[in-house]
Amino acid sequence: MNNQKCSTLFQRPRGQTTIIQCIYVVGFMDLFGVSMIIPLLSHHVKALGASPTVAGIVGATYGILQLFSSTIVGSWSDVVGRRYSLLTCLLLSALGYGLLGMSTSIALFVLARIPVGLFKHSLSICRALLSDLVSDSERPLVMGHFNAASSVGFILGPVVGGYLTEHEGGFYTSSFTCAAIFLVNAGLVWMLPWSETLIRRNETNSSNNPSKGCHDSNCSKSAHNGCHANSHHPLLAAETGSGSRASSKYSGGLRWWELSLLQPAWRQLSSVVSKIHMVASSDMWDLFLVRLLMAIAIMLYYSNFSLALEERFSLKPKVTGYLISYSSTLGALAGFLVGPVTQLYGNNMPALLLHSTVLTCSLIFLYAAAPSVWQVLLTSTFFAISTTIGRTCITDLELQRGGVQASGTLIGAGQSVTAIGRILAPLLSGLAQEFSPCGPPSVGVVLALAAVGLLLMRIPVWDGRGMKKTTKLINSE
């Protein structure tokens, strides 16, 4: 039975709908607060007396911490639960931005960036929570809406941050405002109806006739702790041993958040290491490599965007800013297209990822070879849409192949891969710009072509595995 048929057998509880809507708000406020600060960081660290080299090293601190902490914190959220981990990340991020508002020296500035670099993974945990709450067929739609809400916050934040900066002590005001936003988010997460998130799809039908129950690996799961009563996926089987054991673990007298807090630190650490090892040893290298190649290609597209337009078409920075704002707005709106597009493809995410990657590669090439500003405008329009759909596709495929029971670990690993791209892209961009303003997007075309070639080779392998899994399920009926 397919996902769409499974989803018709239950009606989402009101508490679950409330959580999903509130997570959209959390995502919006999160990036709204962060985007108030990001444009001001380089100016502030230079105002503190840092040389360009020191400013670069300080700026790289956040990315390096994110690289190593993304997978660990994501896996930790699988172990201790979404609520506990999300609250921890929000509160410690608020602490970091509060310290940033008190930074009057470079040392304090670096100190303030440490908790943010280690624990600013609230968006990743929100995505993991959303994947816990919805079925496979609903996930692209919900993720698209979440990305759209977050993107709107990222667009509006710099406007408010720029306004506050015009006043005396504007950076410090912006930092404290950002910290307050994260505290409000923490309060909102604390008040969510977590007790109503237990989902039992098709429970009545399965109890009457188990042999005809839904075989979808997500048809029965608990979102309380990011752990699911199901053992179809390999990453879960080693953790729980059996579906019944996992189910009984969270159906006893203790509530899930009490159980999470009572776990010894060594047991949490052991579980985190176990989950990371299972993801690292799984056969998902191809998806992570596609993510890395496309992340670098997209970053190269934007790396010297303003400078290239000024040199190629003599555009003023003001006009370039309007073009960037236009593209960002389209990217936010494109989040609402993800659901309808996936339905148009019949939830065939590998095919959708391949087509969006081909489109992105073509658009980067057209931008690099654009003879006029109007062609740049045209490529920017479709580029924002293709990259938004591609990011959602790659995340959805990672969760499909790895299993949503390890969604925190998988999403965290994906963020670590993207962080590697953030480190490599500036280096490649600098080298490519030595030859031509069109150098960075030209390198991006090569990397995107490599991603397309990899997908063409690996998608038949994925489909073959899917057919074997389907045959096995049919034979077990």
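The following legends describe an overall view and several close-up views of a predicted model.

Residues are numbered from 1 along each chain as its sequence is written. Local features in this predicted model need pLDDT of at least 70, side-chain atom pairs count only at pLDDT 80 or more, and totals for chains, interfaces and linings use all residues, while side-chain values use heavy atoms and leave out hydrogens and water.

**View 1. The chain as a whole.** The chain holds 21 helices and 2 strands; helices (H or I, at least four residues) and strands (E, at least two) are DSSP runs, numbered from the N terminus. Of its 477 residues, 52% count as buried, where buried means under 20% relative accessible area, exposed over 50%, and partly exposed in between (1.4 Å probe, protein chains only). About 21300 Å² of the chain is exposed, and carbon and sulfur atoms supply 67% of that area; accessible areas come from the Shrake-Rupley method with a 1.4 Å probe, and for residues only the protein chains shown count as cover. Contacts are heavy atoms within 4.5 Å. Among contacts between residues at least 6 apart in sequence, 81% join residues at least 24 apart.

**View 2. Helix α16 and its cover.** Helix α16 comprises 18 residues, 317-334. At 1.5 Å a residue it should span 26 Å, and its end C-alpha atoms are 25 Å apart, which agrees; the expected span of a helix is 1.5 Å times one less than its number of residues. Its buried residues are T320, L323, S327, L330, G331, A332 and A334. The cover over them includes α7 (139-165), α14 (285-303), α15 (305-313), α17 (338-344) and α19 (373-402).

**View 3. N185 in helix α8.** N185 lies in helix α8, residues 170-190. N185 counts as buried because its relative accessibility is 0%. Leaving aside residues up to four places away in sequence, N185 touches V25, V26, M29, D30 and L90.

**View 4. A nonpolar surface patch.** I64, F68, I420, I423, L424, L427 and L428 form a nonpolar patch on the surface, with about 600 Å² of accessible area together. Two or more residues of the patch come from each of α3 (52-80) and α20 (407-433), and α20 gives the most, with 5 residues. Patches are made of residues with over 30% relative accessible area and no salt bridge (a side-chain nitrogen of Lys or Arg within 4 Å of a carboxyl oxygen of Asp or Glu); like charges are joined within 9 Å, and nonpolar side chains (Val, Leu, Ile, Met, Phe, Trp, Tyr) within 5 Å. L424, found in helix α20, is partly exposed because its relative accessible area is 34%.
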